[in-house]
Amino acid sequence: MSELTRIIQERQSARTPFDPSLPISKEHLKQILEASRWAPTAHNMQNYEIVVVDDKALLEKIGNIKSRISEEFLRENYQQLSFSKEELQKKKTGILGTMFPPDWVDPAKIAEVASKAAPMPLTQSIRGSPTLLIIIYDSTKRAPASHGDVLGFMSLGCIMENIWLMAQSLGISLQILSTFAAPPVEVEIRKLLGIPEHIKIAYACRLGYPTSAAKYFRVRRDIEDFTHYNQFGTRKP
Ligand SMILES: Cc1cc2nc3c(=O)[nH]c(=O)nc-3n(C[C@H](O)[C@H](O)[C@H](O)COP(=O)(O)O)c2cc1C
């Protein structure tokens with residue numbers, strides 16, 4: 001197996017707490033930022049900026065911002081869930097429902113849970129991370145003729161993957177936090193970090209070193225499940 005294949009396959013979302021006393025070194029941070037520089041972007045727009053947050057007081061302030069789980073999230077989350085390893089292995093897509101509180105994965109309770117859900121502080125998402133990377137973009141610009149700036153968003157995804165693979169190669173764990181991009185959290189974070197209104201948050205990366213083993217059961221479709229040769233539906237070359 002090539003080194004690159006190994007890094008690609010071993011990269012995974014880190015959903016366990018990180019040790020706040022283990023910082024990301026300046027050298028490693030530089031390598032991660034360097035990896036972002038060379039990501040492909042539509043028209044080479046390089047339509048992103050990165051706010052590195054490693055100041056303890058600021059991390060604490062961000063951690064105090066509260067977000068509330070929405071009914072939309074709970075309903076659409078449910079559609080991606082499996083409830084046993086066997087089911088997940090068979091489906092080959094989605095995630096295990098055991099990752100979430102039992103109430104979140106009971107379709108009969110979703111509306112009630114959403115209406116009664118207490119706002120949760122972001123500290124429960126940051127979970128000890130000593131460094132957050134907040135990936136932001138200028139919402140007033142777009143790739144040429146790219147409706148809805150689809151190409152711009154794909155480009156932000158390329159940045160994500162370069163950052164993630166470099167972190168993985170350095171032994172640094174990473175979790176994407178989409179909640180940073182959702183209102184009202186996004187607005188609060190922009191205020192705290194002095195980010196102008198037209199610059200939006202795409203996502204945040206939580207970097208760090210897990211306090212406990214972080215491997216979990218992951219599945220993927222097989223090559224023949226998604227590959228078509230010359231004609232849609234022709235599964236074999
Ligand atoms: C655009 C995007 C947004 C994501 N948002 C989140 C998120 O908010 N929280 C989270 O834990 N994982 C998030 N993920 C990670 C995916 O859930 C994860 O990549 C997927 O379940 C496959 O698992 P793996 O990363 O361990 O291979 C996101 C991934 C992408 C590409």
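A molecule sits in a pocket if more than half of its atoms lie within 2 Å of the grid points of that pocket. With that in mind, welcome to a set of close-up views of a predicted model.

**View 1. The ligand sits in the largest pocket.** A total of 14 residues surround the ligand. The closest of them are S13, Q175, S178, Y216 and R220. Sorted by character, the shell around the ligand holds six nonpolar, four polar and four charged residues.

**View 2. Strand 7 supplies the largest share of the shell around the ligand.** That share amounts to three residues. Helix 8, spanning 150–169, and strand 7, spanning 173–177, each provide at least two residues of the shell.

**View 3. Polar atoms of R218, R220 and I176 face atoms of the ligand at short range in the listed pairs.** For R220, a polar side-chain atom is 2.7 Å from an oxygen atom of the ligand. R218 also offers a polar side-chain atom, here 2.8 Å from a ligand oxygen. With I176 the partner is a polar backbone atom, placed 3.0 Å from a nitrogen atom of the ligand. On its own the ligand would expose 620 Å², and the protein buries 63% of this area.

**View 4. The side chains of D138 and T140 make a polar contact.** The distance for this contact is 2.6 Å. D138 belongs to strand 6, which covers residues 131–138. Is D138 buried or exposed? D138 counts as buried, because its relative accessibility is 19% and the cut-off for buried is under 20%.

**View 5. L74 in helix 4 is a buried residue.** Helix 4 runs over residues 71–79. The relative accessible area of L74 is 0%, so L74 falls in the buried class. How far apart are L74 and D103 in space, C-alpha to C-alpha? The two are 9.8 Å apart, with their positions 29 residues apart in sequence counted as separation.

**View 6. P183 and P184 are joined by a cis peptide bond.** If you check the omega angle here, expect a value of about 0°. P184 is placed in the loop between strand 7 and helix 9, the latter being residues 185–193.

**View 7. Q46 has a positive phi without being a glycine.** The phi value of Q46 is near 50°. Q46 is found in the loop that links helix 2 (26–37) and strand 1 (49–53). At a relative accessible area of 39%, Q46 is partly exposed, because this class lies between the 20% limit for buried and the 50% limit for exposed.

**View 8. N230 also has a positive phi although it is not a glycine.** Here phi is about 65°. N230 lies in the segment that follows helix 10, residues 223–226. Its relative accessible area is 82%, so N230 is exposed, the cut-off for that class being over 50%.

**View 9. T227 is a buried residue in the segment after helix 10.** T227 has a relative accessible area of 18% and is therefore classed as buried, given the limit of under 20%. Measuring from C-alpha to C-alpha in the model, you will find T227 and P237 9.5 Å apart. In sequence, T227 and P237 are 10 residues apart.

How values were computed:
Residues numbered from 1 in each chain as written. Predicted model: local features only at pLDDT ≥ 70, side-chain atom pairs only at ≥ 80, totals over all residues. Heavy atoms only, no water. Near = heavy atom within 4 Å. Polar contact = N/O pair within 3.5 Å; in protein donor to acceptor, adjacent residues only side chain to side chain. Areas by Shrake-Rupley, 256 points an atom, 1.4 Å probe, with all protein chains shown as cover. 1 Å grid on protein atoms, 1.4 Å probe; cavity = no way out; pocket = protein on both sides within 12 Å on 5 of 7 lines; lining within 4 Å. Helix = DSSP H or I, 4+ residues; strand = E, 2+ residues; numbered from the N terminus. Nonpolar A, V, L, I, M, F, W, Y, C, P; charged D, E, K, R; others polar. Buried < 20%, exposed > 50% of the residue type's maximum accessible area, 1.4 Å probe, protein only.
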